[in-house]
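I opened a fresh page for this one and went through the cysteines, a few side chains and some helix packing. Here are my notes, in the order I looked things up.

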Amino acid sequence: MGLINSSWLQPPIFLLTGIPGFETVQIWISIPLAIMYLIALLGNCIILFVIKTTPSLHEPQYIFLSMLAATDVGLSVSTLPTVLHVFLLNHRKIEFHCCLTQMFFIHTFSSMESAILLAMAFDRFVAIRNPLHYTGILTHPRITGMGLVAVARGVVLMAPLSILLKRLPFCKGIILSHCYCYHPDVMKLACGPVRINVIYGLCLVLCSFGLDFIFIIISYTLILRTVLGIASKDGQLKALNTCASHIFTVFIFYVPLIVLALIHRFGKFTSPLLHVTMANLFLFLTPVLNPLVYSLKTKQIRLALHKALKAWGNILK
């Protein structure tokens, strides 16, 4: 009890939370979680391998997809240790600095994913609006530059979160709401002046995720105007079909993110179970579903994957 009731400038540990009310069956819940991690890591690594080894997929659309897959791998690896420790081993403790490090990587990879989704929206806009100059506009150096900007933005914007938290004393307990470290969740345990943290966090959300989402909406508004200008219905459907996977990915990324942000803003009106559910949806939806959606929906990926599987089968014979 002394550990929980004490007040520190920096607490030695935090306690992570699984699913409230399901503590006795958490070891069974760990099985589907482990399967989802396996799908996320294996699926995205296969996407990366197929794009890397298939010259016909070295086009802007698939290079951006490989960036998205790499980001999903990073996000999954960032949370894998604590999630499985909580559910499989019932090991809830996480050291203070480890928590801040995990928080940095989770938010950095999330910011990178948002930026890559914006780049993919721009890619679809150029492909539909100006197809003849598509490869001339989205050259490999420009795509590399866009990827580096996404990484740099994530690191630069998210690094101050941990620094600002380290200056605060913590006296409101050590129990977090999730099975991983999430900035608003950690910040609510601080008892010092958090105004700067709140303002910076709000500016961060608006200037990164918010702006990305607005520009994605603008991109698709322009895409829709271009598509409606196509004379044939078949042409319109074909153009829209090239955007379907990306639209689905944007939806499953931003909806849980927005709901989770609202839950932390108005958390006292929601149940702990809702907290955990939305946190896990934010964590698992995009890394698990992205490789499945793009494998099933994108013909070129599907054909390259079938060719790779056939080659592996021949080797194993």
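**Entry 1: a cysteine to start with**

Is cysteine 203 buried, partly exposed or exposed? I am working from a predicted model, so I keep that in mind throughout. Cysteine 203 has a relative accessible area of 39%, so I logged it as partly exposed. I needed the cut-offs for that call: buried is under 20%, exposed is over 50%, and partly exposed is in between.

Next I asked why cysteine 203 has no bond to cysteine 207. The closest cysteine sulfur to that of cysteine 203 is in cysteine 207, but it sits 5.7 Å away, which is too far for a bond. For a disulfide I need the two sulfur atoms within 2.5 Å.

I also checked cysteine 243. It counts as buried because its relative accessibility is 1%.

**Entry 2: the disulfides**

How many disulfides does the structure hold? I found two.

One joins cysteine 99 to cysteine 181, with 2.0 Å between the sulfur atoms. This link ties together distant parts of the chain: cysteine 99 belongs to helix H4 (residues 96-129), while cysteine 181 is in the loop between helix H6 (140-166) and helix H7 (183-187), 82 residues apart. I read -125° about the S-S bond, and the link is left-handed. Both cysteine 99 and cysteine 181 are buried.

The other disulfide is formed by cysteine 171 and cysteine 191, whose sulfur atoms are 2.2 Å apart. Here too the pair links distant parts of the chain, 20 residues apart: cysteine 171 is in the loop between H6 and H7, and cysteine 191 is in the loop between H7 and helix H8 (195-228). Cysteine 171 counts as partly exposed because its relative accessibility is 37%. Cysteine 191 has 31%, so it counts as partly exposed as well.

I then numbered the bonded cysteines in sequence order and wrote down the pairing as 1-3, 2-4.

**Entry 3: two residues of helix H4**

Which residue's side chain makes a polar contact with the side chain of glutamine 102? That partner is threonine 82, at 2.8 Å. Glutamine 102 is in helix H4, and it counts as buried because its relative accessibility is 6%. Leaving out residues up to four places away in sequence, I listed what glutamine 102 touches: Ser78, Thr79, Thr82, Ile94, Tyr180 and Cys181. I recognised Cys181 from the disulfide with cysteine 99.

Histidine 107 is in helix H4 too. With a relative accessible area of 10%, histidine 107 is buried. Beyond its neighbours within four places in sequence, histidine 107 contacts Met158, Leu161, Tyr182, His183 and Pro184.

**Entry 4: a histidine in the loop**

Where does histidine 178 lie? I placed it in the loop between H6 and H7. Histidine 178 is buried, since its relative accessible area is 1%.

I wanted its spacing from histidine 275, so I looked that up next. The two histidines are 97 residues apart in sequence, yet their C-alpha atoms are 7.6 Å apart in space. Histidine 275 is also on the contact list of histidine 178, which runs Leu16, Thr17, Asp185, Leu260, His264, His275 and Ala279 once residues up to four places away are set aside.

**Entry 5: helix packing**

I took H6 and H8 as one pair. Their axes come within 10 Å and cross at roughly 160°. That angle makes H6 roughly antiparallel to H8, the cut-off for that term being over 145 degrees. I noted the crossing of H6 and H8 as left-handed. On the H6 side the meeting residues are Arg153, Val156, Leu157, Met158, Pro160, Leu161, Leu164 and Leu165, and on the H8 side they are Ile196, Asn197, Tyr200, Leu204, Ser208, Phe209 and Asp212.

How far apart are the axes of H8 and helix H10 (residues 244-265)? I have them 12 Å apart, packing at an angle of about 150°. H8 is therefore roughly antiparallel to H10. This crossing of H8 and H10 is left-handed. From H8 the contact uses Phe209, Asp212, Phe213, Ile216 and Tyr220, and from H10 it uses His246, Ile247, Val250, Phe253, Tyr254 and Leu257.

Methods
Residues numbered from 1 in each chain as written. Predicted model: local features only at pLDDT ≥ 70, side-chain atom pairs only at ≥ 80, totals over all residues. Heavy atoms only, no water. Helix = DSSP H or I, 4+ residues; strand = E, 2+ residues; numbered from the N terminus. Buried < 20%, exposed > 50% of the residue type's maximum accessible area, 1.4 Å probe, protein only. Polar contact = N/O pair within 3.5 Å; in protein donor to acceptor, adjacent residues only side chain to side chain. Contact = heavy atoms within 4.5 Å. Axes fitted to C-alpha atoms, helices over the stretch in contact; angles between N-to-C directions. Parallel < 35°, antiparallel > 145°, perpendicular 65-115°, else oblique. Left-handed = near helix turned anticlockwise from the far one by under 90°.
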